[in-house]
Amino acid sequence: MITVGHTHTSDAVQLHDLRKVHGRGDRSVAALDGVTMGFPRGSFTAIMGPSGSGKSTLLQCAAGLDRPTAGRVVVDGVDIGGLSERERTEMRRDHIGFVFQSFNLVESLTAAQNVELPARFAGRRVPREEVDAALAAVGLAERARHRPGQLSGGQQQRVALARALVTRPAVLFADEPTGALDTATSREVLETMRRLVDEEGQTTLMVTHDPTAAAVADVVVFLKDGRIADRIVVDSDSDVRNGASIATHMARLEA
Ligand SMILES: Nc1ncnc2c1ncn2[C@@H]1O[C@H](COP(=O)(O)OP(=O)(O)OP(=O)(O)O)[C@@H](O)[C@H]1O
């Protein structure tokens, strides 16, 4: 279960008293104001919060895309604050997967070629079986030779998921992964993400504005003003599972 306020050394990602100030002087904004939490291996966490509450900043710092002003980020046992720029790039490439609202697929390449592209850029070849396994894991074994234009939005996002997961990263970061999708295709992507957590033990952190998307996670963490305001464990309660109590919670934080 994800922990707020403390971390365990076995967690896939640990955030220790994370602080991030954007800008300087009068114009400075404390986007993160002391966030401590741990994400155990195989857990699925949704991060929600009002606009400007620090969600993107948290994801960027946790993923090593941005440096915190203070505090520590430990990914897969490595304190990434102590890494050089180059080591951090390697850390992201080898241990972290990303999906975003936009799928960022190359239109002229097949699904399989898109999946192996990041590795190719890094000067490595991914064995064909691993590409096939990644596409099979997202339910697209039959679509390996299709180009993005021949796939639905949900299928394209699942290709992006396969591309993120082909390196078997310690953690998957998803920033509004269903933001560009309609309800039906969102569900298809979320069910795939849920299955990857349940069957492959894929540690996943997802930022979302959508309460029904958040409800597929194990825990929903709410940020407000750069701090953890609350969390909801997604249990068997039907109002939690269908997103209703998560939506109520969000409305209260936004009020
Ligand atoms: N590069 C930046 N320079 C200055 N201020 C920034 C920068 N990035 C974010 N901020 C500020 O930090 C705060 C947190 O922003 P952040 O984008 O993390 O919030 P968010 O919860 O992801 O918001 P949204 O839901 O609108 O995407 C906001 O007040 C924002 O204006």
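1. Let's begin with the record. The UniProt annotation "domain: ABC transporter", from an unreviewed entry, covers residues 13-250. What you are looking at is a predicted model. Within residues 13-250, helix accounts for 36% and strand for 25%. The C-alpha atoms at the two ends of that span lie 25 Å apart.

2. Now take in the whole chain. Its secondary structure comes to nine helices and eleven strands. The radius of gyration is 18 Å, close to the 18 Å that the globule rule gives for 255 residues, so the chain is as compact as a globular protein of that length. Along the principal axes, the C-alpha atoms fill a box of roughly 50 × 45 × 35 Å.

3. How much of the chain is buried? Buried residues make up 43% of the 255 residues. Contacts tell you about the fold as well: among those between residues at least 6 apart in sequence, 69% join residues at least 24 apart.

4. Next, find the ligand. The residues surrounding it include His 22, Gly 23, Val 29 and Ala 31, and also Gly 49. Ser 51, Gly 52, Ser 53, Gly 54, Lys 55, Ser 56 and Thr 57 belong to this shell too. By character, the shell divides into two nonpolar residues, nine polar and one charged.

5. Which elements supply the shell around the ligand? Strand E3 (29-39) and helix H1 (55-62) each supply at least two residues. H1 gives the most, with three residues.

6. Helix H9 (residues 244-254) is a good place to practise reading a helix. Ile 246, His 249 and Met 250 are buried there. They cover an arc of only 100 degrees around the axis, which puts them on the same side of H9. A general rule helps here: an α-helix has 3.6 residues a turn, so residues three or four places apart point the same way. On the other side of H9, Thr 248, Ala 251 and Arg 252 are exposed.

7. What do the buried residues of H9 pack against? Their partners are two helices and three strands by name: helix H7 (211-214) and helix H8 (238-241), together with strand E4 (44-48), strand E10 (219-224) and strand E11 (227-233).

8. Two residues deserve a look at their backbone angles. Arg 168 is not a glycine, yet it has a positive phi of about 55 degrees. You will find Arg 168 in the loop between helix H5 (153-165) and strand E8 (171-175). Arg 168 counts as partly exposed because it has 13 C-beta neighbours inside 10 Å.

9. The other is Glu 176, also a residue other than glycine, with a positive phi near 50 degrees. Glu 176 is in the loop between E8 and helix H6 (183-200). Is Glu 176 buried or exposed? Glu 176 is buried, because 20 other C-beta atoms lie within 10 Å, and the cut-off for a buried residue is 20 or more.

10. Finally, try Ser 102, in the loop between strand E7 (96-99) and helix H3 (111-121). With 13 C-beta neighbours inside 10 Å, Ser 102 counts as partly exposed. Sequence and space give two views of this residue: Ser 102 and Pro 177 are 75 residues apart in sequence, and their C-alpha atoms are 7.7 Å apart in space.

Methods
Residues are numbered from 1 along each chain as its sequence is written. This is a predicted model: local features need pLDDT of at least 70, side-chain atom pairs count only at pLDDT 80 or more; totals for chains, interfaces and linings use all residues. A residue is near a molecule or strand if its C-beta atom, placed from the backbone, lies within 6 Å of it. Helices (H or I, at least four residues) and strands (E, at least two) are DSSP runs, numbered from the N terminus. Ala, Val, Leu, Ile, Met, Phe, Trp, Tyr, Cys and Pro count as nonpolar, Asp, Glu, Lys and Arg as charged, and the others, Gly among them, as polar. A residue is buried if 20 or more other C-beta atoms lie within 10 Å of its own, exposed if 12 or fewer, and partly exposed in between; C-beta atoms are placed from the backbone. The arc is that of the directions from the helix axis to the C-beta atoms. Two residues are in contact if their C-beta atoms, placed from the backbone, lie within 7 Å. The radius of gyration is taken over C-alpha atoms; the globule rule is 2.2 Å times the number of residues to the power 0.38. UniProt positions are given in the numbering used here, feature names are shortened, and annotations may be inferred rather than shown by experiment.
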